[in-house]
Every structure is written in structure tokens, then in C-alpha cells.
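The questions below work through a structure from its interface down to single residues. Please keep the sequence and the model open while reading.

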Amino acid sequence: MDKQYSSCDEQLIYRYFDKDMDPEENARFQNHLGVCKTCSMQLEHLKNQAEALADRINEESEKADFYALEKKVLGEIRRKNRSFFNWKDVLFKKIYVPATVAVAMTVLVSFYYFYMPLYSPPSAIINSFTGEFSSVMILETPETKQTILWINEDESFNVENQSV
Amino acid sequence: MLRINPCRAAFVFLVLTAIALAPCTRAWARPAINIGVETILASQKDRFVDPKLLPLKNELNSVFRYTSYRLINSRQLQLNIGRKGTVQLPGGRVLTIVPKNIKGKRATLSLMMHKKKRNIFNTEIRLRNHSAIIVGGPKYKNGNLIFRISNSF
Amino acid sequence: MSNSIHNRILDQDRLVALLKQGDEVAFQVLVRRFQKKLFAIAYGITLDREESMDIVQEVFLQVYTGINAFKGDAALSTWLHRITVNRCLNWKRKWARRFKWRHSSIDTVENERLDENKEAGLAPEALYQGKELGVKIEKALKTLPDQARAIFVLRELEGLSYDEIAKTLALKKGTVKSRLFYARKKLKGLLQSYVKEDS
């Protein structure tokens with residue numbers, strides 16, 4: 001007798017039952033089943049188990065209302081189609097496009113009215129400056145951005161001023 | 001129905017076009033810049049603001065702490081590009097202005113202030129149309145002189 | 001739905017192509033073709049009729065909205081099995097199921113079934129014997145881990161090979177074999193103990 005089957009390996013029974021054997025192995029095991037009552041009974045038990053499970057589930061299937069299931073599922077997809085289509089259409093045509101235009105216009109107008117004035121350039125740009133002075137300050141008024149050149153004349157100019 | 005005479009219509013159109021283009025042609029031929037020079041005495045000795053200077057007071061008070069602003073002198077010049085203009089200022093000072101060119105919204109002006117042949121300062125600025133530059137600092141009597149130089153073109 | 005339309009959509013590729021176009025008739029064919037099979041798988045795992053019906057409904061809706069995700073590299077049935085099993089093994093369902101099982105006894109179920117048969121005027125003893133194994137198997141199945149039960153159901157009910165089960169559940173073939181072996185061994189032991197209890 002083949003050593004492989006001497007202990008009536010359960011795994012082999014399962015593999016045979018699950019058709020997981022090649023033809024040669026399958027034939028050998030079938031021969032073994034012919035002489036081994038234990039393995040035959042095990043196999044029979046597996047078959048009964050599978051049938052019992054199938055019967056049990058069939059029993060439940062017969063109680064299930066598949067017509068209602070089909071109706072419910074088809075109704076749901078029809079409802080989805082309607083709402084999805086409308087939602088998309090409304091959102092795009094009536095909300096998205098006008099909203100984008102409105103936002104763009106608001107941004108442009110705001111930029112023109114608020115940002116541009118805030119960012120007004122100074123009234124005068126000084127290209128060059130030379131002279132006889134002790135110090136000079138270049139300022140800008142905060143509101144109207146008027147340029148201010150503040151010169152501290154050399155002391156020698158002031159001596160003459162006092163006489164005027 | 002109103003009947004329009006084509007000849008009259010053409011004539012009116014030409015006249016209107018000429019009027020519209022007149023300033024442009026004038027500027028194109030001889031660009032001139034209107035320059036204003038206001039001389040102001042600012043001091044802290046008293047409290048007085050010349051009514052004509054009220055707008056300037058707010059501007060200056062945002063930077064300085066004077067309590068009195070007196071308009072001493074106001075001159076208006078109309079200078080062509082390259083022509084020199086001079087303004088007599090208190091304390092023997094003389095301001096010389098020469099417009100150099102007009103580019104876009106700004107006119108390039110050369111400003112020179114001197115006193116008895118001594119050059120106080122010499123500057124070249126690009127002044128925006130309908131704007132002013134404030135030049136200040138020279139001591140005079142009990143305050144400081146402020147010159148407001150404006151232009152339009 | 002007429003037979004001519006049904007025949008026209010018999011081929012899987014054609015069915016999938018129509019489903020991707022949103023063809024409602026094709027979807028109806030899909031539902032009719034697979035609802036019982038998917039219910040059987042769902043019941044084998046959840047052991048609850050109502051829950052199984054809910055799962056089958058969810059599976060079809062998922063298929064409808066996600067049909068474009070089906071690439072055709074596996075059979076449509078494999079894909080459907082996979083979705084069904086995944087829904088059954090969803091953790092929320094697992095917890096709800098265990099709670100339900102803990103709070104309802106199989107004996108109650110057995111007695112209800114006996115009453116149904118009595119009302120039908122059938123001899124209770126004979127019917128009880130015939131259905132005894134099925135009920136005991138169901139009781140024993142509840143003791144298995146969810147994934148082992150899923151593998152057992154796919155093998156015993158659907159007759160899928162180890163490779164097909166491995167593809168469906170994204171497992172290795174060796175893992176499928178070992179878990180199936182474990183499930184059968186446990187069931188064998190439990191069924192023997194139920195027989196001893198009865199005797």
C-alpha cells in the first residue's frame with residue numbers, strides 16, 4: 001500500500017473532494033477509496049455536509065422576495081439617475097458659471113477700487129540730488145503720497161538769513 | 001423724417017474733429033507745462049493757518065508738528081520744454097525750474113535753488129501730472145520755509 | 001423583459017459594455033442573473049436573511065455606480081463575489097451580527113421552524129431529522145471566524161476552486177487551503193459534539 005495513504009490523510013480527502021488533484025493522483029486515491037471505509041465515510045460526510053448547507057440556504061432563498069429586491073434596486077438607480085443629472089445640470093449652468101463670473105468681477109472691481117489706490121505711486125520720483133546742505137530727508141505723506149524733500153541747509157547760509 | 005445734407009454733415013464732422021484734436025496738436029507742436037510755486041512760512045510760534053493752505057496743513061501735520069502756516073508768495077509759470085523759469089524766494093533765494101520732457105503721466109523737471117551764486121541744491125525729479133512736491137527746510141525768521149511746487153500739462 | 005433582449009445580453013462582455021453605458025435593461029439582466037447566487041453567499045456568511053437581502057441590494061447599487069472600475073481582467077462573477085464578501089465582512093456589520101447572535105439562540109430558531117412545519121401539517125419528526133444537519137451546520141458556522149466561513153461558503157456553495165477563492169478574497173492559495181482545512185476540522189468536531197448531545 002502506498003505510504004501516502006497509510007494513515008488516511010484528511011488533507012487528501014479534502015483535496016480529492018475539492019478536485020485539487022492531478023489525474024494520476026486522483027486515480028490513485030479513487031483506488032484507495034475502494035478499499036478504505038474510513039476515507040469513504042469521511043468523503044460521504046463531506047458530501048452530506050455540503051448538500052445540507054446548500055439545502056439550508058435554498059430554504060432561506062425561497063423565503064426571500066427577489067421580486068421586491070429587483071424592484072427596489074431598479075427604483076433606486078432610476079432615482080439616482082434623475083437627481084444626479086438634475087443636480088449636475090443645475091449646479092453647472094445656474095450656479096457654477098454665474099458664481100465664477102460674479103467672483104471674478106468682484107475681484108477685479110475690488111482690485112481697481114481698493115488695491116490700486118492703496119498702491120498709488122509717489123507724486124515725485126527723484127532722479128538725482130546734489131547740493132551744499134548738511135542733511136536731507138526724503139519723505140512721503142501717508143494719505144496722498146506727496147513727496148517731501150526736507151533740506152537742512154549748511155550753517156553758512158543761515159548766518160546770512162538772519163540779517164534779512 | 002429728418003433729411004441730412006451730406007455736405008453740411010461732413011463740415012460739422014471736420015469742425016468737431018479739429019476741436020477735439022486741437023489740444024493734442026498744440027501739445028505736439030509746443031509742449032508747455034503749467035508750474036505753480038507756493039512759498040509758505042511754517043512755524044510753531046503761534047497758531048494760524050492761511051485758509052488757502054488748509055488742505056496742505058493736514059498733509060504736513062501728518063509728517064511735521066507746525067502750528068502756523070502762512071502763504072507768503074504764490075507764482076504761476078507756463079514753461080515750454082527746455083525753457084527756464086525763475087522764482088524769487090525769501091531770504092535771497094532763487095528757484096530755477098527747467099522742464100526737460102513729458103513721458104506718460106510724468107514731467108521731468110530740473111529744480112535748482114541757489115543763494116547769491118551758491119548752489120543750495122540741484123535735483124531732477126519726475127513729477128506726476130496734477131501733483132506736487134514739497135521742498136522744505138530753509139530757516140527763515142522764526143520758522144522754516146516750505147515750497148510747494150506743482151505741475152499740470 | 002423579453003427573451004430576445006435577454007438573449008442579446010447573454011454574453012458577459014456585451015453585458016458589461018451595456019452596463020457601462022448605463023443601460024437599464026442590462027442592469028435588470030444583471031440583477032436577475034446574480035441575485036440568488038449573491039444572496040446564497042451573503043446568507044452563508046451572515047446567516048441572516050434580512051441582512052443578506054440588504055447586502056445584495058447594496059452590491060447591485062455599488063456595481064451600477066462603479067461599473068467603470070471593472071477592468072475585465074477577472075470574470076464578472078468573481079468581481080461580484082468579491083464585493084459581496086467584502087460587504088459581509090465589513091467591520092460594522094460584523095459587530096452588529098455578533099451582537100445579534102449573542103442575543104438570540106439557535107434553539108429559538110429551531111422551535112420557530114418546527115412551528116412553521118406543524119402549521120403546514122407536516123410530520124414534525126421526519127422533517128426535523130432532515131433539516132437537523134442543516135441547522136446544526138448553521139450553528140457550527142457561527143463559531144468560525146468570518147473569513148474562514150466566507151472561504152467555506154465559496155467552496156461548498158459556489159464550488160469555486162482554491163485559485164478562484166484566492167482571487168476573490170485576494171489571498172494566497174496556501175492561505176485558502178489552510179483556512180478551509182481549519183473550517184472543516186472545526187465543523188467536524190462541532191457536529192460530532194452536537195450528535196453526542198442529542199443522543
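A residue counts as buried under 20% relative accessible area, as exposed over 50%, and as partly exposed in between (1.4 Å probe, protein chains only). The model is predicted, and local features need pLDDT of at least 70, side-chain atom pairs count only at pLDDT 80 or more, while totals for chains, interfaces and linings use all residues. Residues are numbered from 1 along each chain as its sequence is written, chains are lettered from A and ligands numbered from 1 in the order in which they are written, and side-chain values use heavy atoms, with hydrogens and water left out.

Q: What area is buried between chain C and chain A?
A: The size of an interface is often given as the accessible area lost when the parts come together. Here 42 residues of chain C are in contact (heavy atoms within 4.5 Å) with 35 residues of chain A. Carbon and sulfur atoms give 63% of the buried area, which is the accessible area (1.4 Å probe) that the two parts lose on being put together, summed over both. Between these two chains the total comes to about 3,700 Å².

Q: Which element gives the largest share of the side of chain C that touches chain A?
A: Across this interface the rule finds 15 residue pairs in polar contact, both residues being at pLDDT 80 or more; a polar contact is a pair of N or O atoms within 3.5 Å, where within protein one must be able to donate a hydrogen and the other to accept it, and residues adjacent in sequence count only if both atoms are side-chain atoms. The elements of chain C that give two or more residues to this side are α3 (24–46), α4 (49–66), α7 (106–119), α8 (124–141), α9 (146–156) and α11 (173–198), where helices (H or I, at least four residues) and strands (E, at least two) are DSSP runs numbered from the N terminus. The largest share, eleven residues, comes from α3(C).

Q: How many salt bridges are counted between chain C and chain A?
A: A salt bridge is a side-chain nitrogen of Lys or Arg within 4 Å of a carboxyl oxygen of Asp or Glu. One of these pairs is C:Glu138 with A:Arg56, whose closest N and O atoms are 2.3 Å apart, and both residues belong to a network of salt bridges that also links A:Glu59, A:Glu60, A:Lys63 and C:Arg49. The structure holds 26 salt bridges over all chains, and between chain C and chain A the count is ten.

Q: Which residue of chain C meets A:Glu10 in a salt bridge?
A: A:Glu10 lies in helix α1 (residues 10–17) of chain A, and its partner is in helix α11 of chain C. The relative accessible area of A:Glu10 is 13%, so this residue is buried, whereas the partner, at 44%, counts as partly exposed. The closest N and O are 3.0 Å apart, and the partner is C:Lys185.

Q: Which residue of chain B forms a salt bridge with B:Glu124?
A: The partner lies in strand β5 (residues 93–103) and B:Glu124 in strand β7, so the pair ties together parts of chain B that are 24 residues apart in sequence. B:Glu124 is partly exposed with a relative accessible area of 24%, and the partner is partly exposed as well, at 40%. The closest N and O atoms are 3.5 Å apart, and the partner is B:Lys100.

Q: Is B:His130 buried or exposed?
A: Most residues other than glycine have a negative phi. B:His130 has a positive one, near 60 degrees, and is found in the loop between β7 (118–128) and β8 (131–140) of chain B. With a relative accessible area of 64%, B:His130 is exposed.

Q: Is B:Ser150 buried or exposed?
A: B:Ser150 has its place in strand β9 (residues 143–152) of chain B. Not counting residues up to four places away in sequence, B:Ser150 touches B:Asn34, B:Ile35, B:Gly36, B:Leu127, B:Ser131 and B:Ala132. At 19% relative accessibility, B:Ser150 counts as buried.

Q: What share of the residues in chain A is buried?
A: Chain A has five helices and three strands, which run α-α-α-α-β-β-β-α from the N terminus on. Among its contacts between residues at least 6 apart in sequence, 30% join residues at least 24 apart. Of the 164 residues in chain A, the buried ones make up 30%.
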